[in-house]
Amino acid sequence: MKPVFYEILANSLVASLTNTLVWFGVTFWVYLQTQSVLATSVMAGIYLVTVAVSGFFLGSLVDRYRKKTALLISSVGSLVLYALAYLIYVATPAAVFADASSAILWGFIIVALVGAIAGNLRTIALPTLVTVLIPEAERDRANGLVGTVNGVAFLAASIVSGLAIGFLGMYWMLVIAIALTVLSILHLCTIAIPEQRIIQTEAKPHHIDIRGTIQVIRLVPGLFALIFFNCFNNFLGGVFMSLMDAYGLSLVSVQVWGIVWGVLSLGFIVGGLGVARFGLGKSPLQTMFLSNIVMWIVAMGFTIQPSIILLAVGLLVYLCLIPVVEASEQMILQTMIPLERQGRVFGFAQSIEQAAAPLTAFMIGPIAHFLFIPFMTTGAGVDLIGPWFGTGSDRGIALLFTLTGCVGLVVTVLAMRSRAYRTLSVNYQRRYANNARVEAGRLLL
């Protein structure tokens, strides 16, 4: 792989760490200031909805400009918003931030979160840079390194954000975020990315053009089915995201649970390094579906009994496979979609797939509260499966996890046997072989 790719990865690591640090840090700080769970849940909703909606727009920016310019726009946007958040913070009396209904508090929250979300422009641009810089045969491993960088940033931010808010406070966390963002911009300016100007083939390349993006995806039979399959998986995965903390805290103390998650975050890194070392095999599509099958089987079993060991081992396997699934999808899109459209397609896929998580977050709480928890505390579930499964509120959540795993497994197996799967698999192999021949001919010239 080209040295410039490693420089970009290092730069993106700093930027991703900074943005995730701000996201986590502001969430922790708001809860400490207001003691309001409602405030933090609304923040999570704002963050997830904004990420889902912004993919369309950010993808168009990636296609409109050179990739280095897109990275700079991302970091400069974050810098401006972090600086504005800093000014709001220093100009506002501390007592104002203790009121969860304060307009100034929510203005500060939105500015800081949007600054972090500006980093998603990098998330979309990085896979397209893999297409630009890395030969076809090495892209799966490059995608694995991208996943590793994201995993390292998430792990480090998980640990550092709590320490920064606890020992330094919001003031110094914002100062650190601004300094690291400036550092990443200066470093990025020194990187020379060898990319040609993209020749746009459509009439209005500067538009978001969702209709044109849909048409491009429809030209690849089975690709829409793949995107919506991942959307459905994210919908199911939102069940775990919404209720896992409640279940984990029913087993161990908050201190232990924090340590467990810090260790489990290593799964992202291990999975990414595994892809970087071994690749995705001859069929990334098959690798992706087999990984999903393993994930759902694990999800069916890691809460079958109230054990923190069982839960931790299952979650570790689950998290190790997430980078494999993501790298597989990136590899398929990089191969099947023309470079001049990849930004918009990656952004479209991100928006569609991420839109499922907020929907699940809003739905699953009432479902657990009114159906599954009563079923396992005072309902028929106590006599029906209680003697071996256990009873109580935590076992209601556990039952919901197990059933979610069952649904995910059934849907994955059915999707793998579908016509769309077979068609996309054949088209991918054909396109991959054709791209390899083109690259070989270019190298000979």
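The legends below describe close-up views of a predicted model.

**View 1. Helix α11 and its buried residues.** Helix α11 covers residues 284-301. Its 18 residues should span 26 Å at 1.5 Å a residue, and because the end C-alpha atoms are 26 Å apart, the expected span and the modelled one agree. The buried residues of α11 are P284, L285, M288, F289, S291, N292, I293, M295, W296, V298 and A299. In an α-helix there are 3.6 residues a turn, so residues three or four places apart point the same way.

**View 2. Surroundings of S425 in helix α18.** S425 lies in helix α18, which comprises residues 419-444. With a relative accessibility of 18%, S425 counts as buried, because the limit for that class is under 20%. When residues up to four places away in sequence are set aside, S425 touches S283 and L285, and L285 is itself among the buried residues of α11.

**View 3. T303 in the loop between α11 and α12.** T303 is found in the loop that connects α11 with α12, the latter helix being formed by residues 308-336. The relative accessibility of T303 is 0%, and this residue therefore counts as buried. Beyond residues up to four places away in sequence, T303 touches Y247, L311, F389, R395, A398, F401 and T402.

**View 4. The crossing of helices α6 and α12.** The axis of α6, a helix of residues 139-189, comes within 9 Å of the axis of α12, and the two cross at roughly 135°. That angle makes α6 oblique to α12, and the crossing in which α6 passes α12 is right-handed. Where the helices meet, R139, D140, N143 and G144 belong to α6, whereas A327, Q330, M331 and Q334 belong to α12.

**View 5. I210 in helix α7 and its contacts.** I210 is part of helix α7, which consists of residues 210-218, and with a relative accessible area of 36% this residue is partly exposed. Although I210 and F57 are 153 residues apart in sequence, their C-alpha atoms are 9.4 Å apart in space. Leaving aside neighbours within four places in sequence, I210 is in contact with F56 and F348.

**View 6. Two cysteines, C231 and C406.** C231 is buried, its relative accessible area being 16%, whereas C406 is partly exposed at 27%. A disulfide is a covalent bond between the sulfur atoms of two cysteines. A search of the whole structure finds zero disulfides.

Methods:
Residues numbered from 1 in each chain as written. Predicted model: local features only at pLDDT ≥ 70, side-chain atom pairs only at ≥ 80, totals over all residues. Heavy atoms only, no water. Helix = DSSP H or I, 4+ residues; strand = E, 2+ residues; numbered from the N terminus. Buried < 20%, exposed > 50% of the residue type's maximum accessible area, 1.4 Å probe, protein only. Contact = heavy atoms within 4.5 Å. Disulfide = S-S within 2.5 Å. Expected span 1.5 Å × (residues − 1). Axes fitted to C-alpha atoms, helices over the stretch in contact; angles between N-to-C directions. Parallel < 35°, antiparallel > 145°, perpendicular 65-115°, else oblique. Left-handed = near helix turned anticlockwise from the far one by under 90°.
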